[in-house]
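Q: I have just opened this model and would like to learn how to read it. Could you walk me through a few of its features?

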Amino acid sequence: TLLPRNFIRISKSCIINASAVSAVKKNLAGASTVYFAGTDKVAYASRSYFKNLCQRIGDIKNII
């Protein structure tokens, strides 16, 4: 089955709910850090998936 549109892949091993993202810290040398609202958990977006992540959440979220 397919996931709803608000779920996106940010690395080969990680799929996140974009509506739960509070901020993204860009890292030019490696994986960028994705922060979630209401929790201390973080995820790491690989450089190959970063552009898609920004397109999907760039209008509504904070990219640091």
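Q: Let's start at the surface. Which residues form a nonpolar patch there?

A: Keep in mind that this is a predicted model. The patch on its surface is formed by Leu3, Phe7 and Ile15, nonpolar residues that together have about 270 Å² of accessible area.

Q: Where is the place of Leu3, and is Leu3 buried or exposed?

A: Leu3 sits in the segment that comes before strand S1, which covers 7-11. To judge exposure, look at relative accessible area: over 50% is called exposed. Leu3 has 53% relative accessibility, so Leu3 counts as exposed.

Q: Now the overall layout. How many helices and strands does the protein chain have, and in what order do the elements run?

A: There is one helix, together with six strands. Reading from the N terminus, you meet β-β-β-β-β-α-β.

Q: Let's look at the helix. Which residues of H1 are buried, and which are exposed?

A: Helix H1 spans residues 47-57, and Phe50, Leu53 and Ile57 are buried in it. These three cover an arc of only 70° around the axis, so they lie on the same side of H1. Turn to the other side of H1 and you find Ser48, Lys51 and Gln55, which are exposed.

Q: What do the buried residues of H1 pack against?

A: Their partners are strands: S1, S2 (14-17), S3 (21-25), S4 (32-36) and S5 (42-45).

Q: Can we take one residue as an example? Is Phe50 buried or exposed?

A: Good choice! Phe50 belongs to helix H1. The cut-off for buried is under 20% relative accessible area; Phe50 has 10%, so Phe50 is buried.

Q: Which residues does Phe50 touch?

A: Leaving out residues up to four places away in sequence, Phe50 touches Val24, Lys26 and Ser32. You can also check a distance between backbone positions: Phe50 and Ser11 are 39 residues apart along the chain, and their C-alpha atoms are separated by 8.8 Å.

Q: How do I step back to the whole protein chain? What share of the residues is buried?

A: The protein chain has 64 residues, and 30% of them are buried. For the outside, the accessible surface comes to about 4,500 Å², with 52% belonging to carbon and sulfur atoms.

Q: And what share of the contacts with a separation of 6 or more comes from residues 24 or more positions apart?

A: In the protein chain, such residues account for 38% of those contacts.

Terms used: Residues are numbered from 1 along each chain as its sequence is written. This is a predicted model: local features need pLDDT of at least 70, side-chain atom pairs count only at pLDDT 80 or more; totals for chains, interfaces and linings use all residues. Side-chain values use heavy atoms; hydrogens and water are left out. Patches are made of residues with over 30% relative accessible area and no salt bridge: like charges are joined within 9 Å, nonpolar side chains (Val, Leu, Ile, Met, Phe, Trp, Tyr) within 5 Å. Accessible areas come from the Shrake-Rupley method with a 1.4 Å probe; for residues, only the protein chains shown count as cover. A salt bridge is a side-chain nitrogen of Lys or Arg within 4 Å of a carboxyl oxygen of Asp or Glu. Helices (H or I, at least four residues) and strands (E, at least two) are DSSP runs, numbered from the N terminus. Buried means under 20% relative accessible area, exposed over 50%, partly exposed in between (1.4 Å probe, protein chains only). The arc is that of the directions from the helix axis to the C-beta atoms. Contact means heavy atoms within 4.5 Å.
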